[in-house]
Amino acid sequence: MICDNIGINEKGHLTFAGRDTVELAEKYGTPAYIMDENKIREKCRIYKNAMSSHFGHGSMPLFASKSLCFKRIYEIMREEGMGIDVVSPGELYTAVKAGFPMENAYFHGNNKTDFDISFAMDNGIGYFMCDNADEIRVINEEAGKRSIKQKVILRITPGIDPHTQAKISTGKVDSKFGAAIETGQAEELVELALSLDNIDLRGYHCHIGSQIFEYQPFCDAAIIMIDFIAQMKANHGYEAQVLNLGGGMGVRYVESDPEIDYDANIKGISELIASECEKMGVNHPQILMEPGRSIVADAGMTLYTVGGRKEIKGFKNYVSIDGGMPDNPRYALYESSYTVMLANRANEKADYVCTVAGRCCESGDLIQEGVSLPKPVRGDIIAVLTTGAYNYAMASNYNAIPKPPVIMIDGDKDYVAVRRESFDDMISCQE
């Protein structure tokens with residue numbers, strides 16, 4: 001199995017976090033997102049312990065909210081002593097309603113509106129991750145109205161290509177995010193920040209992409225960023241206190257994906273940073289990282305019910321399910337790989353090759369192609385593994401389909417974290 005919280009019981013049923021997935025499907029209906037709370041907590045602790053041990057200097061992980069956002073997640077992050085990053089006022093509002101301490105919240109985004117900035121300050125945001133000059137001027141103005149100095153970290157583009165999927169690569173010079181070092185715009189942004197009375201510049205941020213399995217690209221980015229710290233110290237007398245290396249460490253979606261030792265990766269990055277700081281004559285900054293996918297992806301699974309099977313002789317076989325791109329758009333967007341299993345017959349030979357197709361009126365509504373399963377029949381339960389990240393977070397009401405519930409498993413108990421959306425919920429904003 002691709003993760004240690006998945007198994008097969010004596011009934012031949014797929015288990016997740018020690019629970020029978022067929023029984024969960026019967027109890028809560030399908031489609032349904034199932035989340036392993038203990039796995040989430042385990043991953044938080046791996047990051048916290050590794051960063052504390054190897055980086056020190058007050059370093060900490062910030063959970064990347066864009067990967068999964070609902071109130072219970074922020075409660076767990078608060079309980080585990082994590083920071084968070086948010087990318088919208090909606091994520092911020094959800095965290096506030098969950099009682100998350102906003103001094104440990106960092107607000108990202110390449111186009112924060114005037115409302116976003118004001119709303120964040122009114123709710124006591126800890127830090128802004130500033131993307132551009134227009135934004136930092138508005139932050140300075142809003143901070144002045146409140147007679148405060150607002151803590152900010154500048155998003156810098158280091159010019160790194162981590163060789164990941166193009167749509168999730170964000171560290172190259174040609175990116176909508178951040179100010180590029182190569183073009184001189186990063187230094188211009190530093191000069192601007194230092195000139196503003198109501199800005200407390202704390203350091204720099206970079207993010208090179210997602211689903212990266214090697215730690216060397218993070219080391220390459222760290223070298224560039226530490227060199228930039230040294231250059232800004234020499235040119236402007238300002239030495240960054242904080243370096244945020246972003247997120248992006250990969251997770252296993254299929255058996256061919258490598259396993260990652262997050263502690264070992266962080267240790268390797270830390271050794272490089274310590275060496276580079278000494279070489280460049282700068283103090284070791286506080287290191288932040290922004291794990292999202294690697295905290296929650298393999299803590300999630302989605303359960304569906306098979307509706308029908310279509311066999312096109314000489315072409316392919318289709319198996320249709322009661323969900324699809326509204327609850328998981330990642331295959332349609334990125335052709336993302338997933339492991340798919342037949343939950344109620346998980347111990348049978350998987351020799352029927354098919355495409356798992358969603359229910360939407362859209363040819364691209366597919367979950368996965370070339371899947372090998374025991375030959376499914378109507379009423380079977382299909383499980384798609386590793387769906388904890390960017391599934392619920394990216395869900396839509398396309399074709400006016402209500403969103404599934406989020407069911408949390410905590411040891412021998414299960415509970416509803418997000419209830420199934422009703423038709424009335426779906427049209428509640430309509431006049």
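How many of the six residues of strand S17 are buried? Five are, in a strand that spans residues 352-357 and is mostly covered. The legends below describe close-up views of a predicted model.

**View A. Strand S17 and its pairing with strands S15 and S18.** Strand S15, residues 317-321, runs parallel to S17, and three bridges join the two. One bridge places serine 320 with alanine 357 of S17. The pairing of S17 with S18, residues 366-373, is antiparallel and has five bridges. Here cysteine 354 stands opposite valine 371 of S18.

**View B. Helix H2, residues 37-54.** The helix has 18 residues, and the distance from its first C-alpha to its last is 26 Å, close to the 26 Å expected at 1.5 Å a residue. Its buried residues include the charged side chains Glu37, Lys39, Arg41 and Lys43. Ile40, Cys44, Tyr47, Ala50 and Met51 are also buried.

**View C. The two ends of helix H2.** At the N-terminal end, aspartate 36 acts as the cap, with a side-chain oxygen 3.2 Å from the backbone nitrogen of asparagine 38. Glycine 56 follows the helix and has a positive phi, near 60°.

**View D. The largest cavity.** The structure holds one cavity of 30 Å³ or more, and the volume of the largest is about 40 Å³. Tyr47, a buried residue of H2, belongs to the lining. The other lining residues are Phe218, Gly246, Gly247, Gly248, Met249, Met289, Glu290, Pro291 and Ser294. By class, the lining comprises five nonpolar residues, four polar and one charged.

Notes: Residues are numbered from 1 along each chain as its sequence is written. This is a predicted model: local features need pLDDT of at least 70, side-chain atom pairs count only at pLDDT 80 or more; totals for chains, interfaces and linings use all residues. Side-chain values use heavy atoms; hydrogens and water are left out. Helices (H or I, at least four residues) and strands (E, at least two) are DSSP runs, numbered from the N terminus. The expected span of a helix is 1.5 Å times one less than its number of residues. Buried means under 20% relative accessible area, exposed over 50%, partly exposed in between (1.4 Å probe, protein chains only). A polar contact is a pair of N or O atoms within 3.5 Å; within protein, one must be able to donate a hydrogen and the other to accept it, and residues adjacent in sequence count only if both atoms are side-chain atoms. On a 1 Å grid over the protein atoms alone, a cavity is a set of points where a 1.4 Å probe fits but cannot get out, and a pocket is an open set with protein on both sides within 12 Å along at least five of seven lines; lining residues have an atom within 4 Å of a point. Grid points are joined across faces, edges and corners, and a volume is the space filled by probe spheres set on the points. Two strands pair if DSSP finds at least two bridges between them.
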